[in-house]
Amino acid sequence: MRSLALHRQEVCSLDKRHFNRPRRRLTHRACKPITRKAPCLGFPDGPGFKQDLETMLDMANSLRHDPEKPVFHVMPRHGWINDPNGPVYYEGKYHVFYQHIINGCEWDFGIVWGHAASSDLVHWEHMPPALLPTPGGADADGCFSGCCIVDEDGTPIILYTGVRLRSNPECGPLPPAECDLNLPFVETQLAAVPEGDPTLAMWSKREEPVLPMPPPDMPLVGWRDPYIFEIKGKQGNGREWGMLMGSGLKGQGGAIMIYRSESLYGGWRYDGMLCQADNVETGAMWECPLLLELTQTEAKPKPSEQSTGGIQSINDSHTQLATPSGKAPTFRETHTQGGQTDKAVESQPGNFQESFGRSEPQPIASTSGKAGASAGGGISLLSRQLSDISLASREDSANAGAETQQAAAQQQQLQHTHLLCISPDAPINPVLYWLGAFDQQNTKFILEGAKGPLKLDLGDILYAPNLMIDGQGRHILWGWLQERRKVGSYDYAGCLSVPRILSMRGDRLIQEPVPEVSNLRRGRCWKARHEAIEPEEIKPLAGLRGSSLDIELILDRGDASSAGLLFQGWDAAGEGSAAIVFDWERSVLEAIYEAPPRDMGATQDPDAEEDDGLRRVGGPVEMEPGDVRMRILLDHSCVEVYLGTGEVLSTRIYRGHPPEDADAGISFVSYGGTAHVKRCNAWTVKSIWKRDFQPHEQASVFETIYEPVTAVMPMGSPVVPVLTS
């Protein structure tokens with residue numbers, strides 16, 4: 001998942017001016033090998049390393065109360081994280097791997113596969129790194145992204161891209177000229193299997209590459225990020241597997257290559273392009289390709305209510321909360337009216353959630369703003385005609401009568417059975433997807449007539465998602481949530497999204513957090529009912545405390561132009577106040593930053609020649625008249641907003657250190673008129689981690705958590721952390 005520019009970058013500091021800059025620093029540097037002592041996994045070893053490691057853990061312990069650090073999103077204890085890799089459900093446990101730099105907060109060569117595991121998607125534990133670079137091997141300078149799949153015999157297998165720098169003299173000969181992409185590194189597709197351990201803590205790499213080099217004489221800009229799926233409809237015995245490979249054609253745009261084989265371990269044959277762009281408007285390189293046949297679900301709206309969406313009730317169908325007893329848990333709830341606390345009662349969680357709406361998202365467009373408005377603010381979109389097909393089809397059928405319209409809708413749903421998802425070029429760009437048809441006989445995804453491209457996330461921090469199917473048959477997605485601040489005094493960078501369930505309703509994609517997330521709620525439920533929010537009034541959620549919260553909100557527009565929640569900035573070091581609002585005038589969900597609360601709701605005129613100077617992140621949502629329903633997962637600086645219509649907006653709000661005994665610093669806001677809060681429920685959310693380091697544990701952490709090993713890091717990168725007193 002690497003871009004093609006050849007200059008050093010700071011990925012943590014993302015700037016619109018560097019729209020096409022790479023996600024990884026690609027430099028011609030010699031690699032400094034370190035003697036490998038044992039064929040096992042873990043940290044580098046060396047004189048004084050154990051002492052330095054313990055010092056680093058002391059620093060990590062001192063930062064445990066960092067007000068910006070998430071607690072219920074998967075992330076390493078410290079260091080850099082990017083792409084989720086190979087999520088898999090195996091032997092009753094969920095495993096998610098991820099790209100990880102152990103001893104730094106910036107991307108670098110020498111990247112490893114971090115690992116976390118859970119039995120319930122609620123309580124997680126850190127595992128030893130699954131893959132480390134092998135000195136002198138095809139992955140000597142990094143274990144790049146890939147996937148994990150369970151073979152027919154029940155054995156998990158990791159397939160990933162290994163890289164070695166051309167400048168590394170110990171990494172063997174270069175590919176023949178007809179297969180050499182002339183990148184600063186050489187890409188090879190590799191495999192690893194677990195060492196008989198059901199916890200998947202230890203992995204052994206297979207000696208022979210799965211694919212040693214790309215096909216000859218192709219003008220490829222990259223060849224990486226394998227993704228495995230089963231090709232259905234094969235005649236005869238056994239399965240046939242498909243392998244997608246992220247790529248692009250020089251001067252033509254992104255492309256996805258496809259291979260086929262009856263065995264995961266070898267015998268792969270190139271079967272052409274799954275699909276490709278005819279220009280570079282959606283990126284020169286399509287990283288992290290995903291292909292998924294989606295499950296159709298149906299909404300169950302109450303006849304008495306008209307709404308444009310809501311978070312699906314966790315007591316409905318597949319979103320039932322999972323507990324050991326099989327029963328939905330109860331929570332103690334505290335009712336409030338205007339900030340006043342009422343008596344506590346027992347209730348089911350999420351009772352306010354009624355139904356999803358039936359509206360559809362618009363094709364990609366960015367909201368305007370000083371800093372680009374969205375992660376995709378600078379990207380021109382592939383063939384707007386493709387994006388408008390579904391809307392035009394709906395308009396044409398409107399005059400054809402109810403029967404014709406219904407038949408057309410059913411035909412469109414039959415065509416839009418598969419999700420194709422790509423991450424274009426670099427993490428400052430939005431992840432794009434299409435809903436369309438997959439021709440299994442010819443292994444082609446039909447872009448013509450597909451619905452899209454659309455933004456998978458309306459925010460500015462999600463990139464390189466990955467998928468899995470769990471034991472319940474649910475399609476679960478994780479994405480990388482980036483930082484939006486420069487490297488500083490903190491010891492971590494990035495996290496993963498909460499796991500999302502993907503499904504289809506009609507011909508639209510629905511994303512919702514897995515219902516298990518609700519099991520993280522603790523304490524009493526804060527409630528507000530039937531609150532009128534006057535224009536430009538700031539109405540605090542009085543009595544609500546905490547920096548990790550799960551908030552469920554139903555808004556009635558009234559005569560307001562926009563309304564939502566305002567998040568107060570605590571000090572000058574933070575980014576300042578930010579508002580999450582739905583703008584009915586433009587039908588846009590957005591986050592608005594760094595402005596006085598009075599100005600945040602100002603409607604941006606789409607025809608204006610100049611923007612209003614505010615930094616806005618978000619995108620359009622096609623809504624019908626009625627209530628707006630959203631669920632906001634606030635995890636310190638990390639915010640995920642789920643709309644009832646299936647869209648998600650993920651972003652960062654750096655608010656700084658709250659004063660002692662401060663409340664949550666959140667208020668209702670309304671602009672252009674009076675909006676009404678019909679219902680608002682909020683819970684504090686606990687940490688997902690089973691164990692956190694305690695001071696008395698640090699003396700033995702080296703022996704108990706990791707085994708000594710050497711890794712190969714690029715020259716100039718510290719093998720052990722450089723700490724200052």
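**A walk from one buried methionine outwards**

Leaving aside neighbours within four places in sequence, Met-257 is in contact (heavy atoms within 4.5 Å) with Pro-215, Met-218, Leu-220, Trp-223, Met-243, Leu-244, Met-245, Ser-247, Tyr-270, Gly-272 and Met-273. This is a predicted model, in which local features need pLDDT of at least 70 and side-chain atom pairs count only at pLDDT 80 or more, while totals for chains, interfaces and linings use all residues. Residues are numbered from 1 along each chain as its sequence is written, and side-chain values use heavy atoms, with hydrogens and water left out.

Met-257 belongs to strand β12, residues 253-261, where a strand is a DSSP run of E with at least two residues, numbered from the N terminus. Because its relative accessibility is 0%, Met-257 counts as buried, a word that stands for under 20% relative accessible area with a 1.4 Å probe and protein chains only. The C-alpha atoms of Met-257 and Trp-223 are separated by 8.6 Å, although the two residues lie 34 residues apart along the chain.

Aromatic rings offer another view. Rings of Phe, Tyr and Trp (its six-membered ring) pair if their centres lie within 6.5 Å, and planes over 60 degrees apart count as edge-to-face; by this rule there are 16 aromatic pairs. The ring centres of Phe-97 and Trp-203 are 6.0 Å apart and their planes stand at 80 degrees, so this pair is edge-to-face. It links distant parts of the chain, since Phe-97 lies in strand β3 (residues 93-101) and Trp-203 in strand β9 (residues 203-205), 106 residues apart. Both Phe-97 and Trp-203 are buried, and together with Trp-113 and Tyr-160 they form one aromatic cluster.

How values were computed:
Helix = DSSP H or I, 4+ residues; strand = E, 2+ residues; numbered from the N terminus. Buried < 20%, exposed > 50% of the residue type's maximum accessible area, 1.4 Å probe, protein only. Phe/Tyr/Trp six-rings, centres within 6.5 Å; stacked < 30°, edge-to-face > 60°.
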